[in-house]
Amino acid sequence: MSRIVLTGDSHLGAIKRAQDSGDDPRLADIDFLPLGVGSVSLTDFFQVDQAARNVKVTHKKWNNVTFSQQMLNNNEGLKLLVLSLPINSTRLLREHSWHRHVPWRLKKHDREIPLSDAVIRTIIEQDCTKSIEFAKALHMVGIKVAVMEGPRFFTDAPHLARKRVEVCADIEQRCREFAHAQIQNANIPLIKQPAKTIDPAGNTKAEFRHIAPKDFTHGNAAYGQLAGAAILDVASKINESSPGL
Amino acid sequence: MAQNPYQTLDPKSFWSPAVAQRNLFDIDDLWSAPFEITPKTRIATYGSCFAQHFSRALVARGYSWLNAEPAPRGLYPENAKIFNYGVFSARTGNIYTTSLFKQWTSWALGQSSPPDIAWEKSGRIYDPFRPAIEPNGFSSIDEMQASRAQAIKSFRKSIIKSDVVVFTLGLTESWWDKTTGAEFPMCPGTVVGDFDPLEHLFVNQDYDFVLQNLKEVIAMISATRAKGPSFLLTVSPVPLTATNSGDHVLVATMSSKSVLRAAAGQAARTIEAVSYFPSYEIINAPPYRATFFEPNMRSVNLNGVNHVMKTFFAGLQPQEAPLAGPPAPGLQEATTSFGEDLACEEELLSAFSGRP
């Protein structure tokens with residue numbers, strides 16, 4: 001039986017919980033290979049060995065997994081490696097001074113400092129680039145890989161309290177557009193956030209927020225259920241289109 | 001018989017003990033601050049490219065460099081520098097001449113406005129008054145104007161809030177727009193823009209012009225409050241890249257720097273709360289034997305920069321301990337909060353240990 005391996009950051013947690021709940025038996029097809037917290041993805045955290053056709057995670061804070069088609073097959077035939085890494089706005093919105101710095105078109109208050117589009121793109125690039133490079137490296141060594149989006153921001157997150165929603169939404173959109181373009185240009189399938197979890201304003205619905213009162217970053221088991229189903233759908237389509245892989 | 005004046009002078013007044021008998025790194029007492037500069041003194045810095053070394057050194061030593069247009073938090077230092085954040089107190093780019101400094105001040109104080117000029121290259125828009133402020137220009141004139149408006153606002157804030165304004169005079173050769181009377185920091189057509197001999201005017205500023213503009217800009221800034229800031233003038237030791245004067249570039253460099261040095265010195269002698277700091281001499285004087293230049297004999301090397309700044313800090317009055325400097329740049333993980341890491345670790349631990 002072929003498998004799906006889900007690897008990456010803490011956003012794996014929601015899907016694991018959904019699997020543990022047993023509500024959707026199909027999720028049992030997913031194996032988990034957590035690497036560690038997302039902040040490591042800002043660093044040079046992996047090495048590519050072209051000759052051996054593998055990608056090794058090298059950062060001391062992460063599980064030092066060596067990814068190769070052979071290792072992932074594990075006698076069962078890998079259907080898809082799904083990667084969850086910070087190519088979303090969570091960290092961008094949390095760590096940057098969007099209460100003071102805003103996209104130039106959105107400058108509204110005298111205290112706000114307008115940023116050029118190029119500066120914002122650079123901020124996004126420096127946040128996402130190594131994660132995207134990791135996905136590209138896996139793809140390059142012949143691993144069938146897809147990238148899973150993390151959830152959009154939750155509007156009630158305390159770290160957004162001083163930031164205008166339209167500013168956050170703008171950054172969110174720019175981040176996704178950048179990441180999507182990079183991933184799709186590399187011919188890597190993208191598993192988007194399930195539409196049912198997104199409110200009309202484009203944010204993640206509060207009902208899908210993690211049950212921990214202070215966690216405004218992760219989704220809950222209900223979120224994981226939908227995200228897991230999205231993974232299975234994409235995996236099924238990919239397998240149909242290229243069953244020999 | 002009365003002593004002549006030289007008999008009572010300090011040893012630093014005599015070449016032999018102060019210079020000839022010393023190793024070049026032991027030549028000291030070149031400058032002492034004529035006004036108080038403490039770690040709490042808010043210092044704004046502008047001028048030619050050499051001025052940026054002041055901001056870096058002040059920050060590194062925990063002094064209160066006034067950054068009125070800070071980079072967004074989290075932008076890596078190397079990227080902030082590419083976009084000219086943290087170079088001067090506002091994102092003005094290089095201000096090479098005293099007249100350009102006056103132009104920025106006039107805009108900041110609402111006495112004039114930037115003319116409606118934009119330069120285009122390969123579909124991107126460049127600010128004629130900050131042509132290198134964004135490495136690939138702007139997407140539109142509106143974006144450029146929004147950025148410049150912020151720089152003017154931040155410049156205003158810096159000159160109004162500062163206790164000391166450091167200005168490094170860089171050039172006498174300047175380029176002007178005939179129609180509007182505005183001065184460009186660079187000749188149109190060199191980096192971007194198109195040169196038009198009918199529209200663009202070359203002025204090699206003389207001593208009177210440099211000094212007059214310097215006096216005016218100091219007066220303008222001082223007039224913004226009851227007790228204006230002190231001014232510290234320096235002259236960039238960096239030679240001209242090129243000259244349009246018709247002279248050999250070496251001759252033009254010496255001529256230009258001599259004019260700037262004389263004007264800065266005259267301003268320091270005649271205007272209250274204005275001082276001159278000898279960075280030009282520290283790099284260029286014969287006893288230093290061009291030690292502080294890179295092989296191209298133009299770029300100042302790190303040793304030179306460090307020696308200039310060491311001289312500056314040595315000349316300050318005995319101080320209270322400097323404030324803590326900023327964290328070292330390049331620590332990428334520092335851009336993520338401890339709290340986020342904790343939340344993510346907790347999520348991984350709980351999800352994969354069977355906890356709810």
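Which residue of chain A forms a salt bridge with B:Lys153, and how far apart are the closest N and O atoms? The partner is A:Asp110, and the closest N and O atoms are 3.1 Å apart. Before I go on: this is a predicted model.

I'll start with the interface. The pair I just named matters for the count, since the number of salt bridges between chain A and chain B is one. Polar contacts between the two chains come to 11 residue pairs, with both residues at pLDDT 80 or more.

Where does chain A's side of this come from? At least two residues each are supplied by α1 (12–21), β2 (30–34), α3 (90–95), β8 (113–115) and α4 (117–140) of chain A. Helix α4(A) gives the largest share, seven residues. By type, the residues on that side are 14 nonpolar, 16 polar and 17 charged.

In terms of contacts, 47 residues of chain A meet 37 residues of chain B. The two chains bury about 3500 Å² between them, and 57% of that is on carbon and sulfur atoms. Of the area that chain A buries against chain B, 17% comes from A:Glu95, A:Trp104 and A:Gln126, more than from any other three residues.

Next, salt bridges in general. Side chains of opposite charge can pair when their charged atoms come close. Over all chains the count is 25. I'll take a few of them.

In chain A, A:Glu149 and A:Arg176 meet at 2.9 Å, N to O. A:Glu149 sits in the loop between β9 (145–148) and α5 (165–185), and A:Arg176 sits in helix α5, so this salt bridge ties together parts that are 27 residues apart in sequence. Are these two residues buried or exposed? A:Glu149 is buried, with a relative accessible area of 4%. A:Arg176 also has 4% relative accessibility and counts as buried.

Also in chain A, a network of salt bridges links A:Arg105, A:Asp117, A:Asp170 and A:Arg174.

In chain B, the side chains of B:Arg91 and B:Glu134 form a salt bridge at 3.0 Å, N to O. B:Arg91 is in the loop between α3 and α4 (98–108), while B:Glu134 is in the loop between β3 (124–126) and α5 (141–161), so parts 43 residues apart in sequence are tied together. Both B:Arg91 and B:Glu134 are buried.

Another chain B pair is B:Arg261 with B:Glu281, at 2.4 Å, N to O. This one links helix α7 (residues 249–270), which holds B:Arg261, to helix α8, which holds B:Glu281, 20 residues apart. B:Arg261 is partly exposed, at 26% relative accessibility, and B:Glu281 is partly exposed, at 24%.

Now helix α2 of chain B, residues 52–60. Its buried residues include B:Gln52, B:His53, B:Phe54, B:Ser55, B:Ala57 and B:Leu58. What do they pack against? The partners are β1 (43–47), α3 (77–82), β4 (164–169), β8 (230–235) and α9 of chain B. Just after α2(B), B:Gly62 takes a positive phi of about 80°.

Last, one loop residue. B:Met297 lies between α8 (279–284) and α9 (302–314) of chain B. At 44% relative accessibility, B:Met297 counts as partly exposed. Leaving aside residues up to four places away in sequence, B:Met297 touches B:Pro239 and B:Ala290. The C-alpha atoms of B:Met297 and B:Val238 are 8.9 Å apart, with their positions 59 residues apart along the chain.

That is the end of my part.

Key. Residues numbered from 1 in each chain as written. Chains lettered and ligands numbered in written order. Predicted model: local features only at pLDDT ≥ 70, side-chain atom pairs only at ≥ 80, totals over all residues. Heavy atoms only, no water. Helix = DSSP H or I, 4+ residues; strand = E, 2+ residues; numbered from the N terminus. Buried < 20%, exposed > 50% of the residue type's maximum accessible area, 1.4 Å probe, protein only. Contact = heavy atoms within 4.5 Å. Buried area = accessible area lost by both parts, 1.4 Å probe. Salt bridge = Lys/Arg side-chain N within 4 Å of Asp/Glu carboxyl O. Polar contact = N/O pair within 3.5 Å; in protein donor to acceptor, adjacent residues only side chain to side chain. Nonpolar A, V, L, I, M, F, W, Y, C, P; charged D, E, K, R; others polar.
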